[in-house]
Amino acid sequence: ELKAYKKELINKNEIFVRRLSELGIKVIDMRVQQSLGDSDDAKSSVYVDSVGKITSAELHLTGSDVLFIEFGAGIYYNTPGQHPLEDEFGYGVGTYPNQKNAWNDYWFYTDEQGNTGQISYGTQATMPIYSASIEMYQQVVRIAREVFGG
């Protein structure tokens with residue numbers, strides 16, 4: 001009985017970690033889709049690893065625009081200090097190295113194909129990573145009760 005319970009507990013732990021990480025990825029994807037502006041290079045993924053009794057998960061958001069989507073770029077869509085972890089990580093409106101246009105409502109740039117005069121309003125900070133962490137934190141007890149019972 002004890003061996004069966006141990007195996008069941010390990011299986012439930014893996015289910016718990018997967019459910020929690022799936023919730024996080026859904027929030028990340030939703031927030032990335034909601035982001036307004038020029039940034040669209042972001043791809044999410046989740047990696048779940050089970051080794052013996054331990055199951056862990058990593059949620060990833062990769063791409064060249066990830067920091068803009070998380071913390072924002074430009075004041076058209078954003079205000080300084082809107083991301084709760086802006087100071088801790090050193091990112092936010094006006095913090096991009098050598099930035100020249102953070103305080104302008106819009107600016108012009110040359111795109112990757114060499115087209116000049118492209119207009120940018122920046123990128124809205126939708127905070128996909130921060131929002132996922134908050135949602136996962138708020139739902140951890142509910143999901144644990146569903147998976148483990150009680």
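## Phe71 and Tyr91

Phe71 is buried, because its relative accessibility is 6% and the cut-off for buried is under 20%. This is a predicted model. Phe71 sits in helix α2, which spans residues 66-71.

The ring of Phe71 pairs with that of Tyr91. Their centres are 5.3 Å apart. The planes meet at 35°, so the pair is tilted. The contact links distant parts of the chain, with the two residues 20 apart. Tyr91 lies in the loop between α3 (86-89) and β3 (107-109). Tyr91 is partly exposed, with a relative accessible area of 35%. The pair therefore joins a buried ring, Phe71, to a partly exposed one, Tyr91.

## Phe16 and Phe148

The structure holds seven aromatic pairs. One of them is formed by Phe16 and Phe148. This pair is tilted, at 5.7 Å centre to centre and 50° between the planes. Phe16 belongs to helix α1 (residues 2-34). Phe148 belongs to helix α4 (residues 128-148). The two residues are 132 apart along the chain, so the pair links distant parts of it.

How much of each ring's residue is accessible? Phe16 has 14% relative accessibility and counts as buried. Phe148 has a relative accessible area of 32% and is partly exposed.

## An aromatic cluster and a surface patch

Which residues form one aromatic cluster? They are Tyr76, Tyr77, Tyr106, Phe108 and Tyr121.

A nonpolar patch on the surface is built from Tyr76, Tyr106, Phe108, Ile119 and Tyr121. Together these residues have about 500 Å² of accessible area. Tyr76 is named in the cluster and in the patch. Tyr76 is placed in the loop between α2 and α3. Tyr76 is partly exposed, because its relative accessible area is 44% and values between 20% and 50% fall in that class.

## Asn101 in the α3-β3 loop

Asn101 lies in the loop between α3 and β3. Tyr91 is placed in that loop too. Is Asn101 buried or exposed, or in between? At 25% relative accessibility, Asn101 counts as partly exposed.

Where is Asn101 relative to Ala73? The two are 28 residues apart in sequence. In space, their C-alpha atoms are 9.2 Å apart.

Terms used
Residues numbered from 1 in each chain as written. Predicted model: local features only at pLDDT ≥ 70, side-chain atom pairs only at ≥ 80, totals over all residues. Heavy atoms only, no water. Phe/Tyr/Trp six-rings, centres within 6.5 Å; stacked < 30°, edge-to-face > 60°. Helix = DSSP H or I, 4+ residues; strand = E, 2+ residues; numbered from the N terminus. Buried < 20%, exposed > 50% of the residue type's maximum accessible area, 1.4 Å probe, protein only. Patch = residues over 30% accessible without salt bridge, like charges linked within 9 Å, V, L, I, M, F, W, Y side chains within 5 Å. Areas by Shrake-Rupley, 256 points an atom, 1.4 Å probe, with all protein chains shown as cover. Salt bridge = Lys/Arg side-chain N within 4 Å of Asp/Glu carboxyl O.
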